[in-house]
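Good morning, colleagues. Please turn to the sequence and the structure on the screen, and I shall take you through the enclosed spaces and one helix contact.

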Amino acid sequence: MKTSLAALVIGGLVAGCASQSTQESSPAPAPAPTAMSGTPSARAAPAASVAGVPSAAKAMPQARSIYYEYDRSEIRADGVKVVDINTQYLREHPDLKVKVEGTADERRSRCYDRAVGQRRAHALMSRTTTLGIPSHRSGSVSYDKEKPKPTTHDESAWSENRRSDIVYR
């Protein structure tokens, strides 16, 4: 049901933006962002409790951002590792749910960025569902360019803003 709803929302966003041109020269690939780059060794110190999970439980993964290439929504290899680590954590904590926040850089229209942010969030949710996490445990939202990490206007900032963030709830 949520998958169908997500498909309708994405379809509506794309249809609403049909008049937007998608032809734009693609910039040179940027190096992967270093902040929360998704290295499997990155772990947070356990808190007193996380959504009712005792502190003796395995620490919540610190790496929760998945980065994308310009104008793309396919999860890169470094992102696959981050998704897999977080999916394993969700398997070990069946009471936890996640919200996936898709974002985009600032170089397109708000309508286009909202659609690409939603496609990025949906790609991440699809992978977690494929890996065994029921779809009722996740939801998504697209913040397009509304939640930038860095606020500068260069390729380094744009590459960090093309992401999906996993938010535990």
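**Cavities and a helix crossing**

I begin with the second largest cavity, which holds about 30 Å³ of space. Please keep in mind that this is a predicted model. Which residues line the second largest cavity? They are Val83, Asn86, Thr87, Leu90, Val98, Val100, Leu124, Thr128 and Ile166. By class, that lining comprises 6 nonpolar and 3 polar residues, with no charged residues.

Three elements, α2 (77-92), β4 (98-103) and α3 (110-130), each provide at least two residues of this lining. Of the elements, α2 gives the most, with 4 residues.

Let me now turn to the two helices in that group. The axes of α2 and α3 come within 10 Å of each other and cross at roughly 50°. How is α2 placed relative to α3: parallel, perpendicular or oblique? Because of that crossing angle, α2 is oblique to α3. The crossing in which α2 passes α3 is right-handed. On the α2 side, Val80, Val83, Asp84 and Thr87 make the contact, while α3 brings Leu124, Arg127 and Thr128. These contact residues divide into 3 nonpolar, 2 polar and 2 charged.

Some names recur here. Val83 and Thr87 of α2 take part in the contact, and Val83 and Thr87 also belong to the lining of the second largest cavity. On α3, Leu124 and Thr128 are among the contact residues, and Leu124 and Thr128 likewise line that cavity.

I come next to the remaining space. How many cavities of 30 Å³ or more does the count give? The count comes to 2. The largest cavity has a volume of about 70 Å³. Its lining consists of Tyr70, Asp71, Ala104, Asp105, Arg108, Tyr112, Asp113, Val116, Arg120 and Arg162. In the lining of the largest cavity, 6 residues are charged and 4 are nonpolar, with no polar ones.

To close, I set the two linings side by side: the largest cavity has 6 charged residues in its lining, whereas the lining of the second largest has no charged residues.

Technical notes:
Residues numbered from 1 in each chain as written. Predicted model: local features only at pLDDT ≥ 70, side-chain atom pairs only at ≥ 80, totals over all residues. Heavy atoms only, no water. 1 Å grid on protein atoms, 1.4 Å probe; cavity = no way out; pocket = protein on both sides within 12 Å on 5 of 7 lines; lining within 4 Å. Points joined across faces, edges and corners; volume = space filled by probe spheres on them. Nonpolar A, V, L, I, M, F, W, Y, C, P; charged D, E, K, R; others polar. Axes fitted to C-alpha atoms, helices over the stretch in contact; angles between N-to-C directions. Parallel < 35°, antiparallel > 145°, perpendicular 65-115°, else oblique. Left-handed = near helix turned anticlockwise from the far one by under 90°. Contact = heavy atoms within 4.5 Å.
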